[in-house]
Amino acid sequence: MSGRFPVPGYPRWTGVRADIGTMHIGADGTLTADVTVRVTHRARWYVLARQLLGKGVPGAAA
């Protein structure tokens, strides 16, 4: 299974997405997947604007 999914905390218009690659089953039976996250300049500006406005970044630890 592979695909592209939106990343929680970022609106779709920012262009941030997670690409799920191949999945592996480890020796202990755990399922792991290769994930690549694409961060755009638009997303960086979105985070900077939220920080400057004092709203914080959704999903970030305080």
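**Figure 1. The whole chain has one helix and three strands.** This is a predicted model, so keep that in mind as you look around. Follow the sequence from its start and the elements come in the pattern β-β-β-α. The chain counts 62 residues, and 15% of them are buried. Its accessible surface comes to about 4900 Å², with 60% of that belonging to carbon and sulfur atoms. If you take the contacts with a separation of 6 or more, 22% of them join residues that sit 24 or more positions apart.

**Figure 2. Three strands make an open, antiparallel sheet.** Going across the sheet, you meet the strands in the order β1-β2-β3. The edges are taken by β1 (3–6) and β3 (31–38); each has a single partner strand, so one side of each has no neighbour in the sheet. From one strand to the next, the twist averages 35°.

**Figure 3. Strands β2 and β3 pair up as a hairpin.** Here we zoom in on β2, residues 17–25, which runs antiparallel to β3 and pairs with that strand over seven bridges. Two spots are handy for finding your way. Arg-17 has Arg-38 in β3 as its bridge partner, and Ala-18 stands opposite Val-37, also in β3. At the turn, five residues lie between the two strands. Look for Gly-29 in that turn: its phi is positive, at about 90°.

**Figure 4. Two aromatic pairs turn up in this model.** A pair of rings is described by how far apart the centres are and by the angle of the planes. Take Tyr-10 and Tyr-46 to begin with: their centres are 6.2 Å apart and their planes make an angle of 55°, which puts the pair in the tilted group. The two partners come from distant parts of the chain, 36 residues apart, with Tyr-10 in the loop between β1 and β2 and Tyr-46 in helix α1, residues 41–52. Are these two tyrosines buried or exposed, or somewhere in between? Tyr-10 has a relative accessible area of 28%, so this residue is partly exposed. Tyr-46 has a relative accessibility of 15%; since the cut-off for buried is under 20%, Tyr-46 counts as buried.

**Figure 5. Trp-13 meets Tyr-46 edge-to-face.** In this pair the centres are 5.6 Å apart, and the angle between the planes is 90°. Once again, distant parts of the chain are linked: Trp-13 sits in the loop between β1 and β2, Tyr-46 belongs to helix α1, and 33 residues separate them. How accessible is Trp-13? Its relative accessibility is 49%, so Trp-13 counts as partly exposed. Put the rings together and you get one aromatic cluster, made of Tyr-10, Trp-13 and Tyr-46.

**Figure 6. Thr-14 is a buried residue in the loop between β1 and β2.** Its relative accessibility is just 1%, so Thr-14 counts as buried. Which residues touch Thr-14, leaving aside neighbours within four places in sequence? The contacts are Thr-40, Arg-42, Ala-43 and Tyr-46. You have already met one of these: Tyr-46 is also part of the aromatic cluster.

Terms used. Residues numbered from 1 in each chain as written. Predicted model: local features only at pLDDT ≥ 70, side-chain atom pairs only at ≥ 80, totals over all residues. Heavy atoms only, no water. Pairing = 2+ DSSP bridges. Helix = DSSP H or I, 4+ residues; strand = E, 2+ residues; numbered from the N terminus. Axes fitted to C-alpha atoms, helices over the stretch in contact; angles between N-to-C directions. Phe/Tyr/Trp six-rings, centres within 6.5 Å; stacked < 30°, edge-to-face > 60°. Buried < 20%, exposed > 50% of the residue type's maximum accessible area, 1.4 Å probe, protein only. Contact = heavy atoms within 4.5 Å. Areas by Shrake-Rupley, 256 points an atom, 1.4 Å probe, with all protein chains shown as cover.
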